[in-house]
Amino acid sequence: MPSGPMSSLLSRRQLRPSSAAGNLQSHPCFHSSLYDNVVRPATSVVRGSERDESLTVRRPATQASGPKFHHPRTANSDSKVLTAVKKQRRLTVGPTDGIGEAEHIIRPGQQVTISTGQNLKGKIEEKINIDTLEELKAAFAQADVNKSGKLDLEEFKALLKSQLTLTPSRETQIDALFMKIDWSSENYITWDEFCTYMQLEYAEKEDSYLRAKEVSFHLPAKIEPLPHRDPILRITSTPDGTFIACSQDGQVSFWTSNLEQKRKLKPLMETTSRQKPKWITDFVIMTQYNKFIVSTGDRELQFFELSSLEPYCQIGGLETVPLKLDYCSTGHDECLLLYGDSQGCVNILVMTSVGECLRTWKKLPKHEGFIASVSLDAVASGPHVQFIRWSVHGDWIQQLKYYHEMRQVISCSNNANSALVIGCTTGSTHVEQQLKEVGNAAGGAERPRAKVNFAYATTKPRLDADQTVFKVYKGVKCFDFSKRRNILVTGGMDRIVRMWNPYVPLKPTGMLRGHNAPIFYLFIAEEDNRVFSISTDKCIKIWDIQDQSCLLTVRPKGHKIRGDLQAIHYSPVTKALAVSTDQIAVLSLRLRPILHADIAITHKEPVTCVRYNPSFRQVVTCSEGSVIKLWDFDTGSPIFEYGEAHDNDAITCMTFDNTGRRLITGGRDGCMRIWNYNNGHCLRVLKKADTNEEVCACSYVEMNRNRYVIAVGWDRRINIYSDSLDGNIHHVQHPLPKWADDLRNGHKEDILSVAQCPPNLLATSSYDGEVIVWNMISGHIFCHLNAPPPEDYVDQSLDGDMGINQVTFLKSRSHCKDAASLVTSGPRGHIHMWNVFQGGTLMAQFKGSKMTSGMVTCVQTNAANSVLFTTDSFGFIYAWRIDNYCLETAETDPPELLTHWRGHIESISCLELVEDTKMILTSSSDCTVRMWTLNGEYVGTFGQPDTWDIHDNSSYQHPMVPYDVLIDPLSLPEHPLLGEKQDTHEIIHGSTSPSPSGDKEKRTPTPTYLANRQQFFVDDKTIAEQLKAKPFSKGTGKRLRHEKTRPVKREGCGPSEYRMLPCYDLMETPQPTPPQLRINKDDPFTFCVD
């Protein structure tokens, strides 16, 4: 560790050589839903209420979203969670790298764990609605003391304190809100500016709310022909995502989520010419006991082995035809088996000691030599089964299901007066009824006839207190229930999807209209807060439960499914909808792109830039998806976001103006845009009149009281835009005339970066490795800089090898004529330091990446220009000490490397240094933005579920590292032992053996071991015979599988055959020299081999 002033900059702790030094002991996983739940802004549309169209109108240029936060937590819960994380985070990959992207949009005024400024803004916005708008306007006019129509900061403070009863400690947050509204730095705000700021922020929140709920299928559906001859009765899924389908003739098929048939079609019952084929009415899976249960038209319940579909046993003697089946496990070796029949009755078998019952039934005589059979009366009179039969509906039962969390059965029919019934299984306590049943049971010996019909003789209706009846016009064909959401949805012949509170049967809470045919299937996706509905005309709709609005409609022309519907099933495991007609089809939801289940991401697309705003202590990030997000620097919490900033084109660069109140972005659409980024308001568009080539870099320059925005890119010219607010009323602004020297002697290739050095120097770099320094006052070229190739450089014909991605000035050396004052990130993967005076002199040239083909992507220095931070295309971050480097003379050796670590698994696109808190921000193509200390300690990833406190080191993720970095092979540090050894003998024995002649033999590198090639073969029989003859006695380590056999005593003594085997030294195989492949850069199809 270097001594001097650099020690205070880079380390208060011991440096670690690599970020991969963390040990992996435990790996907590985090699971999230497909789309995270969001809360709608208070100004959003509410059903049945009026709304002001002016407050929710969308802007055509941008669509923005509101702040997103996690669920609120109390102070006590936060301290408990933090304590738990502290205990488990040492030497682990902890909960920070949890899930894909966690996004929560905040409702104004909602209690959340965020900064004070955001809480204040929520209180202010809670006042802004239609009812209080006039009142607030009158208060605004009253606060204007000088009657100028404007409020300065003091008057604005007085207004908020009087309206919101704020304490004097909130003045700092009021100042921040005033700065956000006063984006032009005029030191006053008007009523129109105040309303515009609030209105646009609400509009962006509404747009974000709707965008977060977007959902779509992969269209068209994947369709495969069905091997079944008869219609499919039901489709169900197993926990591993396998679809199981059964037809009326008893044919069963198994399908993967990609519609690959896992098993050959197999019938449940082999029919002969003397037997009539049985008609299957429904089936259900008994997962705990690996059984497949079907109901038949012969009034039987048959059990089959699920793995082999071999017959097991059956329950016969049912007096009615079972139409619908359901099964539910209620405990250890306990279950409920339910079926609804053609008389509208719900039949329930309450079973205990299920395994014993099934084994007992299997031992009974076989019916027709096919399957062991037991009558229903025998089952009901058994000690482990209780049979209950309720008369519920006046028509056939269409669907029934038992929900163990509420201990009740839900069934439906087409009868309007008993369309859907929620009832208990055993009924409430009734003393007279119990005494009557006891008397009937006692007199059973005298009246054996009653015992024969005992099962169906107990049929009775439920008491009114034991059931809840929902009356629906034209009845109910399908339903679904969610205890977590406390919602019941029904659908039927009237084509309306009704939403009910299960405890309020008189009136539905919502009616979803839109289907043009009877509802065929309903499913509630609890984790996504959605309802799936399918009608008989094959129209699929997805509804939002909270808004009761339709999110998606897919018609037959979209999914391409043909034929009449037979069965439908939605699998929450695979997020897919299986549809059966005369074919089988799967509609899969489009999932959010998740790099890894345990990696937190900042954006859904690669991140292109990150910037820190010291005025508001916020971090702004942008991505290739044209999305801009704001984050709280102190905690890492999301604040605000808006999308389509440059339509659908990627954002390539961004910077702030001199006040820090406006954000300037450049994109691939060739435009620059100036934003009031706190509410997503596009203030101005900077655009070239003729062409729209991509903008690669931008800079904000203030010179001689004039302010300019400089943009460079693929047009190979320097575009300068004046940032004067006086008299500029145009929304679209064109650049100033180009410099004459730029047109004649400028860059010949695309310009990749730009940097400015006060008072008047400007540097640009291009794709061909040329750097030009300009005099901004005259517009003339100050010098051309072209770096020679390094001495040990080998041209590998890499794409972009000559490009210089970033240049930066050492501003503290701007007046030193002999010192290097310009640093470039290339070409040829080397860092170059230049003296720009006297025509330009190369002062130093050294490799900027430890990887052979690594490119330097970013260069950044601190304010004192004592430490140079660089990044490369493999995700490594380097810190170099340059306080006395190239001050007077050129250097041949590289500067001192203070530390380096790996922060990302892909190329780092931007690096931002925050000196006041000694932090580093890095963005990468791996969709993440991460924060580090100056000595490489991992603070966290923006977008992770757990926040941090920038002033509390215990809230950092250090000593953990990002999980994706930890498991990446390139993160492994170089082992010192393996690095020094030259061959296999040295690695095993620790030292080389001298040759017989006394001279040290010249050794060749150890050849690469191919793990996929088998070096020798010994069959199992030979190994078994050797082990049986001479077994191992005691030992440790990995053993052969045959060693698990019981050892036998040795009959003889002496050394074993293994000990008598002669041993010889291994001969080192020389490694052939690989051919050198050279590729012509101009013609990629022409290459030569040296």
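In this tour, two residues are in contact when heavy atoms of one lie within 4.5 Å of heavy atoms of the other. The model to be inspected is a predicted one.

**Whole protein.** Begin with the complete model in a cartoon representation. The protein has 20 helices and 63 strands. Switching to a surface representation displays an accessible area of about 53,000 Å², and carbon and sulfur atoms account for 52% of that area. Of the 1090 residues, 49% count as buried. If contacts between residues at least 6 apart in sequence are considered, 56% of them join residues at least 24 apart.

**Helix 9.** Next, select residues 354-362, which form helix 9. Which residues of this helix are buried? They are Val354, Gly355, Cys357, Leu358 and Trp361. Show these five as sticks and look along the helix axis: the buried residues lie on the same side of helix 9, because they cover an arc of only 165° around the axis.

**Gly563.** Now move to Gly563, in the loop that runs between helix 14 (556-559) and strand 31 (567-571). Is Gly563 buried or partly exposed? Its relative accessible area is 27%; the buried class ends under 20% and the exposed class starts over 50%, so Gly563 counts as partly exposed.

**Surroundings of Gly563.** Finally, add Lys538, Thr581 and Asp582 to the selection. Gly563 is in contact with these three residues, when its neighbours within four places in sequence are left aside. Select Gln583 as well: this residue is 20 residues away from Gly563 along the chain, and their C-alpha atoms are separated by 7.8 Å.

Notes
Residues numbered from 1 in each chain as written. Predicted model: local features only at pLDDT ≥ 70, side-chain atom pairs only at ≥ 80, totals over all residues. Heavy atoms only, no water. Buried < 20%, exposed > 50% of the residue type's maximum accessible area, 1.4 Å probe, protein only. Helix = DSSP H or I, 4+ residues; strand = E, 2+ residues; numbered from the N terminus. Arc of directions from axis to C-beta. Areas by Shrake-Rupley, 256 points an atom, 1.4 Å probe, with all protein chains shown as cover.
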